[in-house]
Amino acid sequence: MSLSPQAVRPRRRTSPRVAAGALALAALALTTGCGSAGGAGGSPEGGVQVSEGFPVTIDNCGVRTTYTEPPARVVTIHQHPAELMLALGLGDHLAGTAFPDSAVLPELKQEYEAVPELAEREPSFETVLEAEPDLVYGGYGSAFADKEGRSRKAFADAGIDTHLNREYCGRKRVTMEDTYDEIRTVGTIFGVPDRADTLVSDLKGRVSEAASAVEDESDVPVFVYDSGDKSAFTAGGRSLGTELIRLAGGRNVFADLDDVFGDVSWEQVVERKPEAIAIYDYEGSGSVEQKKEYLLAQPALADVPAIRNERFVVLPLTATLVGIRSAYAVGDLARGLHPESFR
């Protein structure tokens with residue numbers, strides 16, 4: 001069985017790259033004015049008032065955009081930008097989305113499924129244009145792949161603004177602060193800064209609660225298994241996953257890998273003796289059970305503590321990206337690495 005990385009998913013070698021219980025997200029829009037007459041940033045129809053806060057200018061990955069009003073029709077390419085918008089109560093602004101790669105948060109599932117899916121993977125430039133967006137919001141750098149005709153310049157020439165998740169703005173390292181900044185930036189673009197602040201406060205609280213629960217525990221050495229058979233495709237020191245592991249009371253055994261993601265040899269995995277393995281789950285890379293079976297069947301890994309004890313923690317890929325789910329991932333990881341702290 002081949003467990004090579006999904007060919008169409010960005011492998012993030014040279015550019016930067018929760019599962020459960022997001023109950024607060026469903027209530028967030030109700031507590032921050034969405035859909036209520038006279039609420040901050042809201043209107044009786046659930047839209048966004050444009051009387052205050054505009055124009056706003058955003059510098060995003062080298063592209064400077066001035067918004068005179070909130071974008072009305074948005075196409076998101078990749079799942080996590082769509083989830084972020086839904087968490088901010090901006091579902092009415094979504095004209096289409098594309099490339100789902102993990103199960104959607106239960107609290108957002110109904111809204112997400114109501115958004116037209118333009119393509120199973122990245123849509124063509126022409127397909128995006130057919131949705132008549134005034135903004136295209138990309139999750140991975142591949143959203144605006146020049147070789148596919150979807151460059152940010154091509155959209156600009158067509159009179160369409162673009163925004164790229166800050167994870168791809170060339171920063172040396174991705175952290176939770178990038179998540180919070182991304183949420184606040186989107187809140188500014190759509191004229192709902194109060195909602196963004198409320199969401200950030202909620203996510204910070206969740207991270208703090210999980211991290212506090214394991215702060216006195218010894219760090220667990222963790223190997224991230226994304227995919228791969230001849231070599232292991234894993235999270236490096238620049239990845240958000242490395243910080244999530246740290247906050248959850250673990251230590252990425254490949255934190256010294258100077259990239260967001262990269263290939264390492266199985267011999268290196270054996271040498272570093274991980275005590276737990278975090279499996280990234282996403283469409284097209286093989287199921288979680290297939291990945292476990294593959295790892296457990298390798299004779300060379302038999303003496304690795306994590307394999308010997310069959311100690312696995314599973315994370316949806318979207319939980320490791322700059323988006324709303326990373327905060328929940330800290331709690332899921334902490335419970336997997338230190339279950340005794342949550343009894």
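# A guided tour, starting at helix 2

Begin by selecting helix 2, which is mostly covered, since 9 of its 9 residues count as buried. This is a predicted model, and its confidence values are visited at the end of the tour. If you show the side chains of helix 2, you will find the buried residues Gln-79, His-80, Pro-81, Ala-82, Glu-83, Leu-84, Met-85, Leu-86 and Ala-87. Just beyond, helix 2 is followed by Gly-89, a residue whose phi is positive, near 75 degrees.

**The loop after helix 2**

Next select His-93, which sits in the loop between helix 2 (79–87) and strand 4 (94–98). Is His-93 buried or exposed? His-93 counts as buried because its relative accessibility is 10%, and the cut-off for buried is under 20%. Now add Pro-71 to the selection: a polar atom of the His-93 side chain lies 2.8 Å from the backbone oxygen of Pro-71.

**Strand 3 and its partners**

Move on to strand 3 (residues 74–77), where Val-74 and Thr-76 point one way while Val-75 and Ile-77 point the other way, and all of them are buried. Show strand 4 alongside strand 3, and you will see two strands that run parallel and are joined by 4 bridges; within this pairing, Thr-76 has Thr-97 in strand 4 as its bridge partner. With helix 2 displayed as well, strand 3, helix 2 and strand 4 together form a right-handed β-α-β unit.

Strand 3 also pairs with strand 6 (residues 135–138), again in the parallel sense and over 4 bridges. To find a landmark in that pairing, select Ile-77, which stands opposite Gly-138 in strand 6.

From strand 6, continue to strand 7 (residues 161–164), since these two strands pair in the parallel sense over 4 bridges. Here the bridge partner of Val-136 is Thr-162, which belongs to strand 7. Adding helix 5 (residues 152–157) to the view completes another unit, for strand 6, helix 5 and strand 7 make a right-handed β-α-β unit.

**Helix 8 and its surroundings**

Now select helix 8 (residues 240–247), a mostly covered helix in which 7 of the 8 residues are buried. The buried residues are Leu-240, Gly-241, Thr-242, Glu-243, Leu-244, Ile-245 and Leu-247. Which elements do these buried residues pack against? They pack against helix 6 (176–189), helix 7 (193–213), strand 8 (220–225), strand 10 (250–252), strand 12 (276–281) and helix 12. After helix 8 comes Gly-249, whose phi is positive, near 85 degrees.

**The nonpolar cores**

Select Leu-88, Met-176, Ile-183, Phe-190 and Ile-324, the residues with the most contacts inside the largest nonpolar core, which has 78 residues. Helix 12 (residues 326–337) supplies the largest share of this core, namely 7 residues. Zoom in on Met-176, which, apart from its neighbours within four places in sequence, is in contact with Val-207, Leu-240, Glu-243, Leu-244, Leu-247, Ser-326 and Ala-327. A second, separate core has 17 residues, and you can locate it by selecting some of them, including Phe-223, Val-269, Ile-279 and Leu-295.

**A last look at confidence**

Finally, colour the chain by pLDDT: its mean is 87, and 85% of the residues reach 70 or more. Then select residues 4–46, a stretch where the pLDDT is below 50, although in the model this stretch has 124 contacts beyond near neighbours in sequence.

Note on methods:
Residues are numbered from 1 along each chain as its sequence is written. This is a predicted model: local features need pLDDT of at least 70, side-chain atom pairs count only at pLDDT 80 or more; totals for chains, interfaces and linings use all residues. Side-chain values use heavy atoms; hydrogens and water are left out. A nonpolar core is a set of buried Ala, Val, Leu, Ile, Met, Phe, Trp, Tyr and Cys residues joined through side-chain atoms within 4.5 Å. Buried means under 20% relative accessible area, exposed over 50%, partly exposed in between (1.4 Å probe, protein chains only). Contact means heavy atoms within 4.5 Å. A polar contact is a pair of N or O atoms within 3.5 Å; within protein, one must be able to donate a hydrogen and the other to accept it, and residues adjacent in sequence count only if both atoms are side-chain atoms. pLDDT is the predictor's confidence in each residue, from 0 to 100. Two strands pair if DSSP finds at least two bridges between them. A crossover is right-handed if, with the strands pointing away from the viewer, the path from the first strand over the helix to the second runs clockwise.
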